[in-house]
Each structure stands twice: as structure tokens, then as C-alpha cells.
Amino acid sequence: VLAGYSAGAHLSLMAAGTANDPAWDGEGAPATDASVAAVAAFFPPVLLHAGDARERGSSPAANLLGPHATPEEARRASPLSHVSAAFPPVLFIHGGADRVVSGSSSIVMYDALRAAGVECDLHVYAGQNHEFVQVDEFGEITAREMALFFRRTVSQKEEIARRIEEQNPFARRAAEAAAAKGTP
């Protein structure tokens with residue numbers, strides 16, 4: 001699993017979206033499986049723009065790629081450009097008042113991943129700016145959310161799914177309805 005904050009979240013999402021793509025392997029890179037099981041992305045830039053053509057959720061490419069980034073380089077370096085059904089589960093945590101990376105960044109990526117059928121969660125903390133997790137209470141609760149997300153999607157997936165079905169009557173009814181229809 002990968003977790004990252006801001007530019008580190010961008011890199012985590014890029015690693016997840018380009019895993020095992022030879023175009024992203026370095027020269028002489030060993031033949032190693034680079035698959036990612038899940039990602040926790042805290043306030044990530046997911047869509048980069050070069051020049052004045054700004055889209056919802058985008059950040060200036062110059063912030064990550066330097067002042068001479070081209071639109072094509074910005075597109076290739078945008079995790080949003082690598083969304084597919086093969087993407088691993090993602091947890092997004094963002095401040096709703098983030099002035100460094102707009103909260104719409106996580107929302108745009110979340111929407112694209114959901115449309116591709118990828119399991120993901122989105123937590124937006126109203127009134128919070130960039131790096132809000134540095135505050136004790138926010139750091140503690142977001143660390144717990146991240147740990148639960150990784151257990152729920154990777155390390156204890158079946159056990160937690162079973163407990164949800166046992167303890168949540170709505171989940172139980174949905175599972176029973178799916179079983180009656182013959183769908184998993």
C-alpha cells in the first residue's frame with residue numbers, strides 16, 4: 001500500500017496508475033511487479049495544467065514539473081490521465097478550504113475512479129486548509145481512517161466484509177437480494 005501527502009500523494013497515485021507500464025519503468029529497471037494494493041492520498045494534485053487552460057480540480061504543472069512544462073507533460077504527469085478499472089482502491093482525504101490544492105482535485109479524481117468501477121472513499125473536512133492533518137486531533141482521526149481503509153480493502157477484506165454483513169441490516173438485506181438474483 002502507498003500513502004502520501006500533497007506531492008507525495010500525487011506520486012502515490014501515479015505509481016498506482018502506471019504500475020507495470022513499461023513506459024514508466026526506468027532504463028535498466030528490474031522486472032519486478034510494481035502493483036499497488038491500495039492508496040491513501042491526502043490533498044493530492046491529480047490534474048496538472050500548463051499555461052492558462054485550467055480545468056476544475058487542476059493545479060499548475062509548474063509546481064511539480066518546473067516552469068517550462070508543456071501541456072503534454074502536464075497531461076502525462078496527471079494521475080487523472082491514468083484512471084482505469086485496474087486502479088487499486090483509493091482513500092482521499094482533503095480539506096474543504098485548501099488553498100494550495102483545491103478540494104475539487106480529490107473530488108474530480110474520486111468521480112473518475114468511481115465511474116471506472118474502482119472502490120474509493122472521499123473524506124472532505126469542511127473549513128480545513130492544506131496540511132490540516134498536522135493538527136493533533138485531525139492527524140489522529142485521519143490515521144485511524146487510513147488504517148481502517150487499508151484493513152477493509154487489503155489485509156482484512158473478507159473478515160470486515162463478513163462483519164459488515166452480520167452487523168448492518170441494510171448490508172445484510174442487500175447481500176440477500178443479490179444472492180436471490182444470483183449475483184455476487
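Analyst: A crossover is right-handed if, with the strands pointing away from the viewer, the path from the first strand over the helix to the second runs clockwise. The model discussed here is predicted.

User: Which hand does the β-α-β unit of strand 5, helix 4 and strand 6 have?

Analyst: Strand 5 pairs with strand 6, residues 120-125, in the parallel sense. Helix 4, residues 104-115, joins these two strands in a β-α-β unit. The hand of that unit is right-handed.

User: Over how many bridges do strand 5 and strand 6 pair?

Analyst: One point of reference is His-94, which stands opposite Val-124 of strand 6. The two strands run in the parallel sense, and the number of bridges over which they pair is six.

User: Which residues of helix 1 are buried?

Analyst: A residue is buried when its relative accessible area is under 20%. The cover over such residues in helix 1 includes strand 1 (2-5), strand 2 (39-42), strand 3 (47-49), helix 2 (62-65), helix 3 (71-76) and strand 5 (90-95). Within helix 1, residues 7-17, the buried residues are Ala-9, His-10, Ser-12, Leu-13, Met-14 and Ala-16.

User: Is Ser-6 buried or exposed?

Analyst: Ser-6 lies in the loop between strand 1 and helix 1. Its phi is positive, near 55 degrees, in a residue other than glycine. The relative accessibility of Ser-6 is 15%, so the residue counts as buried.

User: What is the relative accessible area of Asn-20?

Analyst: Asn-20 belongs to the loop between helix 1 and strand 2. Although Asn-20 is not a glycine, its phi is positive, about 65 degrees. Asn-20 is partly exposed, and its relative accessible area is 40%.

User: Which residue caps the N-terminal end of helix 7?

Analyst: The backbone nitrogen of Phe-170 lies 2.8 Å from a side-chain oxygen of the capping residue. That residue is Asn-168.

User: How far apart are the end C-alpha atoms of helix 7?

Analyst: Helix 7 covers residues 169-181, and after it comes Gly-182, whose phi is positive, near 85 degrees. At 1.5 Å a residue, the 13 residues of this helix should span 18 Å. The distance in the model agrees with that expectation, and the end C-alpha atoms are apart by 18 Å.

User: What separates Arg-75 and Glu-72 in helix 3?

Analyst: The side chains of Arg-75 and Glu-72 meet in a salt bridge, with 2.8 Å from N to O. Arg-75 counts as partly exposed at 41% relative accessibility, and Glu-72 is also partly exposed, with a relative accessible area of 41%. The two residues are three residues apart in helix 3, so what separates them is about one helical turn.

User: Which residue meets Glu-159 in a salt bridge?

Analyst: Glu-159 lies in helix 6, residues 157-167, and its partner is four residues away in that helix, about one turn. Glu-159 counts as partly exposed at 35% relative accessibility. The salt bridge, 2.9 Å from N to O, joins Glu-159 to Arg-163.

User: Which residue meets Arg-162 in a salt bridge?

Analyst: Arg-162 is partly exposed at 42% relative accessibility. Its partner, also in helix 6, is four residues away, about one helical turn. The N to O distance is 2.9 Å, and the partner is Glu-166.

User: Which residues do salt bridges that share partners join into one network?

Analyst: A salt bridge requires a side-chain nitrogen of Lys or Arg within 4 Å of a carboxyl oxygen of Asp or Glu. By this rule the count comes to five salt bridges. Those that share partners form one network of Glu-119, Asp-121 and Arg-152.

Key. Residues numbered from 1 in each chain as written. Predicted model: local features only at pLDDT ≥ 70, side-chain atom pairs only at ≥ 80, totals over all residues. Heavy atoms only, no water. Expected span 1.5 Å × (residues − 1). Polar contact = N/O pair within 3.5 Å; in protein donor to acceptor, adjacent residues only side chain to side chain. Buried < 20%, exposed > 50% of the residue type's maximum accessible area, 1.4 Å probe, protein only. Contact = heavy atoms within 4.5 Å. Pairing = 2+ DSSP bridges.
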